[in-house]
There are 2 protein chains.
Amino acid sequence: MAFPAPGDKAELESGSTLSPKFDAAGLVTAVVTDATSGEVLMVAHMNDVALDKTIETGQAHYWSRSRGELWRKGETSGNTQTVIEMWVDCDQDAVWLKVEMAGPACHTGERSCFYRRLEGRDGKVELVQSGG
Amino acid sequence: MAFPAPGDKAELESGSTLSPKFDAAGLVTAVVTDATSGEVLMVAHMNDVALDKTIETGQAHYWSRSRGELWRKGETSGNTQTVIEMWVDCDQDAVWLKVEMAGPACHTGERSCFYRRLEGRDGKVELVQSGG
């Protein structure tokens, strides 16, 4: 499936056509939350192929900026993401995936990539590991 | 506050020091959720100044890529975001803000920028406006 080129502002914001606004690197941002808990699990990026394959298969696919390649989440780790719902934002440069996560989302073994909270201490900021 | 340069992989992932990994454009991705409902409200970007001001004031600040300027969310609309919690991801190139939102988050007047769901129909994808 090829995506149509983004239309004007009104079409982008109000239309019923998915016409992703890929950035200069050909990517949109993907926010991934746990469909049950609502927790933000990770932020990743999709090129047109990753977005297409995610829609087609219902399994989350991303573009790895560091490795420069397409990957299906969990293809090596087994920690797959089954898409329950998918949403797009107003200007269509970001998507939100609600997923059923098999195992931890983070390569570190944490359930979510967001496992450290910013905490102010004596006018400085520290990262504090979550209890989860 | 100046942020220290990102350390090696171990420091980035396990350390208690916030050392954001800004991209080539000097930005990190910010995911914003409603601290009460958990809903994803928007995705935006922060440069070092926006991140610093957000931490310092507790009010969300972003870098507008389209206008090329710093903005405090709500400075013209009144729809401010008071930060309740702030988290950083494993490689410190994304932050997650849980906010108390005053009014709608989206410039379109929708509560969230993610007001359209992808729905498959006859092998095609359509965007369907949410009921909210």
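I began at B:Gln92, which is buried, with 23 other C-beta atoms within 10 Å. The cut-off for buried is 20 or more, so B:Gln92 passes. This is a predicted model, and I read every entry below as such.

**Entry: the Gln92 pair**

I looked up where B:Gln92 sits. It lies in the loop between β5 and β6 (94-101) of chain B. Next I checked its backbone. Phi of B:Gln92 is near 60°, a positive value in a residue other than glycine. I noted this because most residues other than glycine have a negative phi.

I then turned to chain A. A:Gln92 is placed in the loop between β5 and β6 of chain A. A:Gln92 also has a positive phi, about 55°, and is not a glycine. Is A:Gln92 buried or exposed? A:Gln92 has 23 C-beta neighbours inside 10 Å, so I put it down as buried.

**Entry: B:Pro20**

I followed the contacts of B:Gln92 to B:Pro20. Leaving out residues up to four places away in sequence, B:Pro20 touches B:Phe3, B:Val28, B:Leu51 and B:Gln92. B:Pro20 belongs to the loop between α1 (9-14) and β1 of chain B. B:Pro20 counts as buried because 23 other C-beta atoms lie within 10 Å. I also took a C-alpha distance. B:Pro20 and B:Ala94 are 74 residues apart along the chain, yet their C-alpha atoms are separated by 8.1 Å.

**Entry: the β1-β2 hairpin of chain B**

B:Val28, a contact of B:Pro20, led me to β1(B). Strand β1 (residues 28-34) of chain B runs antiparallel to β2(B), and six bridges join them. Which residue of β2(B) is the bridge partner of B:Val28? I found B:Met46. The hairpin of β1(B) and β2(B) has five residues between the strands. There B:Gly38 takes a positive phi near 85°. I checked burial along the second strand. Six of the seven residues of β2 (residues 40-46) of chain B are buried, so I call this strand mostly covered.

**Entry: helix α2 of chain B**

B:Leu51, another contact of B:Pro20, took me to α2(B). In this helix (residues 48-57), B:Ala50, B:Leu51 and B:Thr54 are buried. Viewed down the axis of α2(B), the buried residues fall within an arc of 100°, so they line one face of the helix. An α-helix has 3.6 residues a turn, so residues three or four places apart point the same way. What covers them? The cover of the buried residues of α2(B) includes β1, β2, β3 (61-64), β4 (69-72) and β5 of chain B. Just after the helix, B:Gly58 takes a positive phi of about 75°.

**Entry: chain A as a whole**

I stepped back to the whole chain. Chain A has two helices and eight strands. Along the sequence the pattern reads α-β-β-α-β-β-β-β-β-β. The C-alpha atoms of chain A fill a box of roughly 50 × 35 × 30 Å along the principal axes. Of the 132 residues in chain A, 35% are buried. I also looked at contact range. Among contacts in chain A between residues at least 6 apart in sequence, 37% join residues at least 24 apart.

**Entry: how the copies relate**

I superposed the chains. A turn of 180° and a shift of 0.0 Å along the axis lay chain A on chain B with an RMSD of 0.0 Å. The two copies are therefore related as by a two-fold rotation axis. Which residue of chain A comes closest to the rotation axis? I found A:Gly38, with its C-alpha at 3.0 Å. The same surface serves both copies, as 100% of the contact residues of chain A recur in chain B.

**Entry: the interface**

I listed the contacts between the chains. 31 residues of chain A are in contact with 31 residues of chain B. On the chain A side, the elements giving two or more residues are β1 (28-34), β2 (40-46), β5 (81-88), β6 (94-101), β7 (116-121) and β8 (124-129). β5(A) gives the most, with four residues. I sorted this side by type and got 18 nonpolar, seven polar and six charged residues.

Last, I looked for strand pairing across the chains. β7(A) pairs with strand β5 (residues 81-88) of chain B in the antiparallel sense, over two bridges. A:Arg116 has B:Val88 in β5(B) as its bridge partner.

Methods: Residues are numbered from 1 along each chain as its sequence is written. Chains are lettered from A and ligands numbered from 1 in the order in which they are written. This is a predicted model: local features need pLDDT of at least 70, side-chain atom pairs count only at pLDDT 80 or more; totals for chains, interfaces and linings use all residues. Two residues are in contact if their C-beta atoms, placed from the backbone, lie within 7 Å. Ala, Val, Leu, Ile, Met, Phe, Trp, Tyr, Cys and Pro count as nonpolar, Asp, Glu, Lys and Arg as charged, and the others, Gly among them, as polar. Two strands pair if DSSP finds at least two bridges between them. A residue is buried if 20 or more other C-beta atoms lie within 10 Å of its own, exposed if 12 or fewer, and partly exposed in between; C-beta atoms are placed from the backbone. Copies are superposed by least squares on the C-alpha atoms of residues with pLDDT of at least 70 in both. The arc is that of the directions from the helix axis to the C-beta atoms.
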